[in-house]
Amino acid sequence: MRELAELNESQFNAVTTIHGPVMIIAGPGSGKTRVLTYRIAYLIKNNVDPFRIMALTFTNKAAAEMRERISHIVGHEARNLYMGTFHSVFARILRAEAHRMGYPNNFTIYDPDDCKSVLKSIIKEEGLNDKLYKPATVFYRISSAKNSLIDAKKYAENIDLVSDDESSGRPKIKELFAKYQDRCFKSGAMDFDDLLLKMYELLTKFPDVLYKYQQRFTHILIDEFQDTNNAQYSIVKLFAGQHENVCVVGDDAQSIYAFRGATIENILNFERDYPDLKVFKLEQNYRSTEHIVSAANDIIKHNKAQLPKQIWTDNKGGEKIKVYKTASDTDEARIVANAIFDQKMRNHLMHSEFAILYRTNAQSRSFEEALRKLNIPYKIYGGLSFYQRKEVKDFISYLRVVVNPNDEEALKRIINYPVRGIGNTSIDRLIVTANEHDLPLWHVVEKPEIINDMQSRAKQLIRDFSIMIKSFRAMLAGKNAYEIAEYIGKQTGLIQDLYKDKTPEGISRFENIQELLNGIKEYTVGEQPEYEEDEVRPENDLAAYLQQISLLTDMDDSKDENKEKVKLMTIHAAKGLEFTSVFIVGLEENLFPSIMSMNTREDLEEERRLFYVAITRSKRFLTLSYALTRYKFGQLNYCEASRFIDEIAEENKTFFGQKEPQKPKAEQKSFFGDDENTKWYLSKQYQKKQIIEPSKPEITEPPKNLTKINTAAKAGASISSDLKDLEAGMHVIHEKFNQGKVISVEGGGENRIATIYFETVGNKKIMLKFAKLQIVE
DNA sequence: GATATGTTTTTTTTT
DNA sequence: AAAACATATC
């Protein structure tokens with residue numbers, strides 16, 4: 001295999017050591033993907049049947065790319081690899097074996113929205129306080145449990161978990177868990193976590209199944225091992241039990257999914273569980289320039305929990321990391337957009353070589369606007385995926401019900417969409433009846449006559465609906481996915497409805513459905529996976545299509561039209577990717593590191609690893625930015641620079657930006673207001689001056705604008721309406737004490753008292769009905 | 001039962 | 001600021 005000549009010594013060893021357990025610790029940009037692809041190709045060249053190789057990746061896109069690269073070396077055989085995400089590979093196996101667990105083999109995969117909707121119904125039926133029992137909170141508890149292989153029964157028996165719930169005032173979670181699981185089971189549905197939990201149950205409860213798959217998979221490979229959780233690790237250990245040819249690739253410094261149960265314990269346990277383990281370290285970075293690699297090392301050495309390793313590079317020189325201090329979130333966006341425009345021209349780059357990375361999805365909006373103003377094409381990844389949009393999900397719900405009518409969540413979505421006179425009252429009756437008889441909702445829809453207390457007209461409408469669904473189901477045998485979908489769109493009047501709506505949103509909805517139908521068509525004519533002789537195939541092509549899209553992420557999009565665009569995504573989503581020029585934005589305390597993760601050292605270290613991942617995405621240019629003011633929930637907040645900026649050594653970074661926050665007189669023009677200024681600040685002379693140190697925005701600074709002034713407070717001894725909303729964290733101006741920040745507010749009614757910290761006199765307690773206060777907006 | 005209007009909540013990260 | 005949610009009105 002001539003490709004082996006391209007590898008350095010440790011890469012070569014990592015590729016060619018194909019017997020026994022292997023762990024590859026791979027630093028960023030160290031050729032990890034290349035090692036994985038060559039290793040798989042090498043296995044195939046050494047007469048390992050691709051059907052015997054299971055390769056688990058983090059995204060479907062990573063799997064697809066790897067498969068493509070492997071097929072360049074070994075040819076079409078690559079299509080037979082069991083390669084994909086944990087969830088998609090396990091779903092494929094579960095589908096073949098589902099009947100053993102009492103699930104239909106065309107089971108539905110519930111997405112998190114479906115799950116929360118199920119929980120919401122249960123919480124409501126149980127008459128629990130929905131302020132305390134929020135679906136998202138309950139779902140998180142259930143999900144975390146499942147990722148530690150704890151089912152509803154074990155949960156109820158687990159003293160720690162139950163007492164946690166009791167002390168948080170939610171003792172009923174264990175019951176909700178059981179009810180939820182039961183409801184999903186009746187609907188023939190698994191959630192994402194079930195794909196792991198049920199996989200584990202399948203292998204542990206049925207020795208013959210375990211034996212079968214242990215025999216089948218002679219070689220197992222796992223990418224991004226640092227981000228696997230307890231459940232995933234346990235399952236892999238079972239699969240690998242026979243041959244023990246298991247190869248894991250990971251980097252503890254890039255572990256960023258602890259919140260989802262991932263643990264680097266897996267890396268440590270691996271050494272313990274496989275004493276024969278051979279470990280290879282890939283430490284040479286081929287991706288980034290020296291400044292970037294040094295900065296990454298600067299950052300990560302602030303973490304205590306690290307495996308020892310030293311990343312180094314031969315790529316000398318390169319530009320320093322630029323740090324922009326900007327006045328506001330909108331300013332930040334404009335400056336970044338201008339810088340992209342300028343950098344592209346100056347260095348002859350393509351738009352696709354740029355990425356803007358942020359901590360939270362909500363940050364994308366301002367960049368979207370700024371890029372649009374400069375006519376820079378962009379694509380936002382993550383956030384609401386295509387398949388989560390209402391109109392798309394409604395349409396897909398039809399397909400789901402056709403494949404699996406017991407899918408209650410889908411059924412509820414479409415039973416009166418488009419409107420067919422089955423209103424909320426009727427739906428509630430249906431659900432109540434289903435629960436009373438302990439039957440799936442669909443059974444009652446099929447036989448509305450068992451419902452008490454319903455008008456015959458309503459029953460007839462329900463009957464009509466069920467007849468329509470059955471007529472769709474009849475098509476499953478003879479028609480392909482596209483034919484069925486198209487027929488449903490026409491028959492239900494759904495396409496017609498959307499077509500009639502000529503509002504901009506309506507047009508976009510119509511286009512989305514067209515796109516969905518095109519996607520289904522592509523799938524239908526596209527290459528279908530091969531199956532082994534003894535393997536259970538999906539019942540039909542619509543079911544196979546649904547399985548595929550239910551596990552697709554937004555990152556998996558590979559449309560040509562997105563190839564030439566600036567990419568916007570969260571840092572989590574950027575894992576495993578690389579770009580010539582990277583902008584990491586919103587580097588502010590409480591945003592990055594997130595305010596949610598400043599409580600424990602472990603959480604903070606994960607944020608730091610996240611920053612490490614972000615930095616190391618960059619090949620040549622790296623730009624960091626932060627804003628001094630930022631809107632959150634429509635409220636202005638003052639921000640200070642992230643500690644992470646300080647952790648980069650001075651010799652690797654250059655500061656740009658204003659010394660003081662914006663003065664009110666300059667409010668209409670920002671510091672880098674127009675193109676003239678943009679050129680100026682990017683010019684060589686300016687770059688040489690390292691003027692600015694990041695300085696905290698002090699609360700003595702003049703406020704940006706004082707649009708709303710609480711004059712009422714001066715008038716008399718009652719709390720003005722503006723001050724009624726006063727809460728901790730707000731900035732105010734006092735007649736005598738000047739600017740201050742609200743520490744806390746106590747008491748009620750006329751006697752509300754605020755504790756306010758004033759720069760001039762320190763903490764003061766002030767009765768609001770007498771306060772001469774203005775809220776700074 | 002559908003639509004208009006007001007109120008409350010949301011933001012960590014994702015397969 | 002926007003979306004989700006709840007309530008009022010036709």
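Contact here means heavy atoms within 4.5 Å.

**Figure 1. Overview of chain A in the predicted model.** Among contacts in chain A between residues at least 6 apart in sequence, 75% join residues at least 24 apart. The secondary structure of the chain comes to 32 helices and 23 strands. Of the 777 residues in chain A, 54% are buried.

**Figure 2. Confidence along chain A.** The average pLDDT of chain A is 83, and 83% of the residues score at least 70. The highest confidence is in strand S15 (residues 579–584), at a mean of 97, and the lowest is in helix H30 (residues 684–688), at 28. Over residues 659–721, pLDDT stays under 50. For that stretch the model has 122 contacts beyond four places in sequence.

**Figure 3. Helix H1 around Val-15.** Val-15 is found in helix H1, which covers residues 9–16. Its relative accessible area is 0%, so Val-15 counts as buried. Not counting residues up to four places away in sequence, Val-15 touches Leu-4, Leu-7, Val-35, Tyr-38, Arg-39 and Tyr-42. Lys-153 lies 138 residues from Val-15 along the chain, and the C-alpha atoms of the two are separated by 43 Å.

**Figure 4. Helix H4, residues 86–97.** Helix H4 has twelve residues. From its first C-alpha to its last, H4 reaches 16 Å, close to the 16 Å expected at 1.5 Å a residue. Twelve of the twelve residues are buried, so H4 is largely enclosed by the rest of the structure. The buried residues include the charged side chains Arg-92, Arg-95 and Glu-97 as well as Phe-86, Phe-90, Ile-93 and Leu-94.

**Figure 5. Helix H9 and its buried side.** The 14 residues of helix H9 (residues 173–186) should span 20 Å at 1.5 Å a residue, and the end C-alpha atoms are 20 Å apart, which agrees. Buried in H9 are Ile-173, Leu-176, Phe-177, Tyr-180, Gln-181, Arg-183 and Cys-184. These residues cover an arc of only 165° around the axis, which puts them on the same side of H9. An α-helix has 3.6 residues a turn, so residues three or four places apart point the same way. Just after H9, Gly-188 takes a positive phi of about 60°.

**Figure 6. Asp-194 in helix H10.** Helix H10 covers residues 192–205 and includes Asp-194. Asp-194 has a relative accessible area of 0% and is therefore buried, the cut-off being under 20%. Leaving aside neighbours within four places in sequence, Asp-194 is in contact with Leu-94, Lys-146, Gln-181, Ala-189 and Met-199. Among these partners, Leu-94 is one of the buried residues of H4, and Gln-181 is one of the buried residues of H9.

**Figure 7. The second largest cavity.** The structure holds two cavities of 30 Å³ or more. The second largest has a volume of about 30 Å³. Its lining consists of Pro-28, Asn-285, Val-293, Ala-296, Asn-297, Ile-311, Tyr-612 and Thr-616. Helix H14 (residues 290–300) gives the most to this lining, with three residues.

Note on methods: Residues numbered from 1 in each chain as written. Chains lettered and ligands numbered in written order. Predicted model: local features only at pLDDT ≥ 70, side-chain atom pairs only at ≥ 80, totals over all residues. Heavy atoms only, no water. pLDDT = per-residue confidence, 0-100. Helix = DSSP H or I, 4+ residues; strand = E, 2+ residues; numbered from the N terminus. Expected span 1.5 Å × (residues − 1). Buried < 20%, exposed > 50% of the residue type's maximum accessible area, 1.4 Å probe, protein only. Arc of directions from axis to C-beta. 1 Å grid on protein atoms, 1.4 Å probe; cavity = no way out; pocket = protein on both sides within 12 Å on 5 of 7 lines; lining within 4 Å. Points joined across faces, edges and corners; volume = space filled by probe spheres on them.
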